[in-house]
Amino acid sequence: MNETRPHASEPFLGVESSCDETAAAVLDGQGRVLAEAVWSQTAEHTRFGGVVPEVAARAHLQRLPAMVAGVLAQAGLRVADLSGVAATAGPGLIGGLVVGASFAKGLALGAGLPFIGVNHLEAHALTARLPGLFPEAPAFPYLLLLLSGGHCQCVAVHGLGRYERLGTTLDDAVGEAFDKSAKLLGLPWPGGPHLERLAATGNAKAVPLPRPLLGRPGCDFSFSGLKTAVAQAVARGAAPADVAAAFQASVAAVLADRARRAHAMLPGATALVVAGGVAANAAVRAALAAATPLPLLAPPPALCTDNAVMVAWAGLLRLAGGQRDGMALAPRPRWPMAEMQPPAA
Ligand code: KG4
Ligand code: ZN
């Protein structure tokens, strides 16, 4: 073995560019992280108050090549040492997806390596099974609550490529609700963490806010009415900290209720796994931990938000399952998990 490349056993590269994080990661053949990098484009988008697709695509294009070179160098590897390359192929913003997938395909083609197009939601769903992340990886089936700025859904994870959507949002994603409410409260974008800090100083009971769909059957979510109620409370002159606390308490209560429903829909679940930026919220985590008897598995924040480790991990599992995607694979802005299949050799 070449001593400068101690981990040369089947290392695998993953690339993420579906939204506003540019990321690359190299895992070894078992899924251990050899090197990774994430660049959050938040600063590029802050002055627009949200992610601008064109700005994001250009930023991915500018950053990705050097970032991939960097993680390979950090792992002491060359492209030719890899066993394959994966990129997020959807769902997401099409410009970024095209940048990441084209770059990964180019690397794969140039070095004669297999290419895998990864579903971003599947990557979030499988993160909990990364080796070493939890003392015991959750066995299938488990429940996944995906709580991000763009996605809000509850999924039964039956196996690799076997997903059943139990519920989704009827309007806004939960992170979007945090961001829009934070904006109404005069907080900077992305508002979730700012709103959480403000809520810590407020009294949730001082402002009555609705708890959309609480107690209803099923596992769907709805947040636009809550956002409207926040706007009305702000207009009435309620104290911002109290509004923030009431908003956060409402979201936590609704999510806990939905988690209980989801458990009733999948009584054999082994765990409740959360992912997405909102999973970083302590009140949300506490409510979810108390909602069901299932262990709540919340990956560390860096693996809850968008990253390339999860993309490489999903790609590695699919490669091991015999999957090879052709160069003609087209990125998909919309790619529901329920349409996924186990890897086909
Ligand atoms: O998963 P993520 O990083 O990106 C995507 O949406 O893909 O999630 C970002 C979302 C934003 O809406 C952000 O405001 C929210 O997660 N968020 C939070 C917290 N940290 C991030 N929401 C509530 N409390 C937090 N501590
Ligand atoms: Zn994501």
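**Figure 1. Asn281 and its neighbours hold ligand 1 through polar contacts.** A nitrogen atom of ligand 1 is 3.0 Å from an N or O atom in the side chain of Asn281; a polar contact here is a pair of N or O atoms within 3.5 Å, and within protein one atom must be able to donate a hydrogen and the other to accept it, with residues adjacent in sequence counting only if both atoms are side-chain atoms. Two backbones join in: an oxygen atom of ligand 1 sits 3.0 Å from a polar backbone atom of Gly192, and a backbone N or O atom of Gly277 lies 2.9 Å from an oxygen atom of ligand 1. On its own, ligand 1 has 550 Å² of accessible area, and the protein covers 87% of that (Shrake-Rupley method, 1.4 Å probe).

A quick word on what you're looking at: this is a predicted model, where local features need pLDDT of at least 70 and side-chain atom pairs count only at pLDDT 80 or more, while totals for chains, interfaces and linings use all residues. Residues are numbered from 1 along each chain as its sequence is written, chains are lettered from A and ligands numbered from 1 in the order in which they are written, and side-chain values use heavy atoms, leaving out hydrogens and water.

**Figure 2. The shell around ligand 1.** Ligand 1 has 16 residues around it, and the closest are Gly149, Asp179, Gly192, Glu196 and Gly277 (a residue counts if one of its heavy atoms lies within 4 Å). Which elements give two or more residues to this shell? They are helix H5 (174–184) and helix H6 (192–199); helices are DSSP runs of H or I with at least four residues, strands are E runs of at least two, and both are numbered from the N terminus.

**Figure 3. A zinc ion with three protein donor residues.** Ligand 2 is a zinc ion, and its protein donors are His120 (NE2), His124 (NE2) and Asp306 (OD), at 2.0 to 2.2 Å. Donors are N, O and S atoms within 2.8 Å of the metal (3.2 Å for Na, K and Ca), and water is not among the atoms, so sites may look incomplete. Along the sequence, the donor residues follow the spacing H-x3-H-x181-D. Because His120 and His124 are 4 residues apart in helix H4 (residues 120–126), about one helical turn separates them. His120 is buried, at 3% relative accessibility, and His124 is buried too, at 3% (buried is under 20%, exposed over 50%, partly exposed in between, with a 1.4 Å probe and protein chains only).

**Figure 4. Trp189 and Pro190 in the loop between H5 and H6.** Trp189 lies in this loop, and so does Pro190. The peptide bond joining Trp189 to Pro190 is cis, with omega near -10°. With a relative accessible area of 19%, Trp189 is buried. Its C-alpha atom is 9.0 Å from that of Phe48, though the two residues are 141 apart along the chain.

**Figure 5. Unusual backbone at Pro91 and Leu213.** Most residues other than glycine have a negative phi, and most peptide bonds are trans. The Gly90 to Pro91 bond is cis, with omega near -10°, and Pro91 is in the loop between strand E4 (84–90) and helix H3 (94–111). Leu213 isn't a glycine, yet has a positive phi of about 70°. Look for Leu213 in the loop between H6 and helix H7 (224–236), where it is buried at 15% relative accessible area.
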